[in-house]
Amino acid sequence: MSPTLQLLLLLLLLLTFLASTALSHLPSSSVTTTTSLSISDWQSARATYYAASDPRDAVGGACGYGDLVKAGYGMATVGLSEPLFERGQICGACFELRCVDDMRWCIPGTSIIVTATNFCAPNYGFTADGGGHCNPPNKHLVLPIEAFEKIAIWKAGNMPVQYRRIKCRKEGGVRFTIDGSSIFISVLITNVAGVGDIVSVKIKGSRTGWLPMGRNWGQNWHVSADLKNQPLSFEVTSSDGLTVTSYNVAPKAWNFGQTFEGKQFL
């Protein structure tokens, strides 16, 4: 083998070694995405915003969560028009939104994740395409201005967007807030991970079997039963068919107005 050919082979081996060394030190992923959390394809809709001039505007909503900050949702929330709201079953579901089409107002490369907490009621004083943003069959989302301004300039007003359902990420377990009086038990269910929305709930005292609860409104569930002075267990089923059972979440001496934490959806 000639000296020139030997030199070329040595250079080739050196370059191969340097390339493999460089690749081994690259991070496995330099971009964080929500692709693995997606449970639906992107769909088209429109979005507007509201600006809460009064702190009480952050309290309430058709899902029954009460004070959204105390409930852990903050301003990362959304109200949905009738075609999306599903009569309240969708409460607690998480959505990713991004601004599209109008690059004058969109903030490129951004998206937000919000939780469904409210209903955007139709206004039949206007037509669906003439000011009745939330009138059927419009798919419309109403955001707090704090969330809206993360994807678009506020001057945009009624913006074309894309949305998709994603899995919810929550810290801690599912929370059960017990209310009612005497033998009427009402339970608000919050902080639900996974698909986020609940389709059925059962409750059990230490002296009863499993009792099915009815949906009162939003994610408030109720049952008529004498469950005082008994530890309480809950069986919660989400819209994807998964069930989480939390035994003895509330102690024997529970009281109305208290919140207890159970297991969480993975």
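This briefing describes the overall make-up of one protein chain and the two sheets formed by its strands. The model is a predicted one, and its protein chain holds three helices and 14 strands. Six of the strands close into a barrel, while eight strands form an open sheet.

**Chain as a whole**
- Of the 266 residues in the protein chain, 41% are buried.
- When contacts in the protein chain between residues at least 6 apart in sequence are considered, 67% of them join residues at least 24 apart.
- The protein chain has an accessible surface of about 14400 Å², and carbon and sulfur atoms account for 57% of that surface.

**The barrel**
- The barrel follows the strand order β1-β5-β2-β4-β3-β6, with mixed pairing, and neighbouring strands of this sheet are turned by 45° against each other on average, direction ignored.
- Within the barrel, strand β3 (residues 94-99) and strand β4 (residues 112-119) run antiparallel and are joined by four bridges, with leucine 97 standing opposite isoleucine 112 in β4.

**The open sheet**
- The strands of the open sheet are arranged in the order β13-β12-β9-β10-β11-β8-β7-β14, and their pairing is antiparallel.
- Because β13 (243-250) and β14 (259-261) stand at the edges and each has a single partner strand, one side of each is left without a neighbour in the sheet.
- From one strand to the next, the twist of the open sheet averages 30°.
- Strand β7 (residues 175-181) pairs with strand β8 (residues 184-190) in the antiparallel sense over seven bridges, and threonine 177 stands opposite leucine 188 in β8.

Notes
Residues numbered from 1 in each chain as written. Predicted model: local features only at pLDDT ≥ 70, side-chain atom pairs only at ≥ 80, totals over all residues. Heavy atoms only, no water. Pairing = 2+ DSSP bridges. Helix = DSSP H or I, 4+ residues; strand = E, 2+ residues; numbered from the N terminus. Axes fitted to C-alpha atoms, helices over the stretch in contact; angles between N-to-C directions. Buried < 20%, exposed > 50% of the residue type's maximum accessible area, 1.4 Å probe, protein only. Contact = heavy atoms within 4.5 Å. Areas by Shrake-Rupley, 256 points an atom, 1.4 Å probe, with all protein chains shown as cover.
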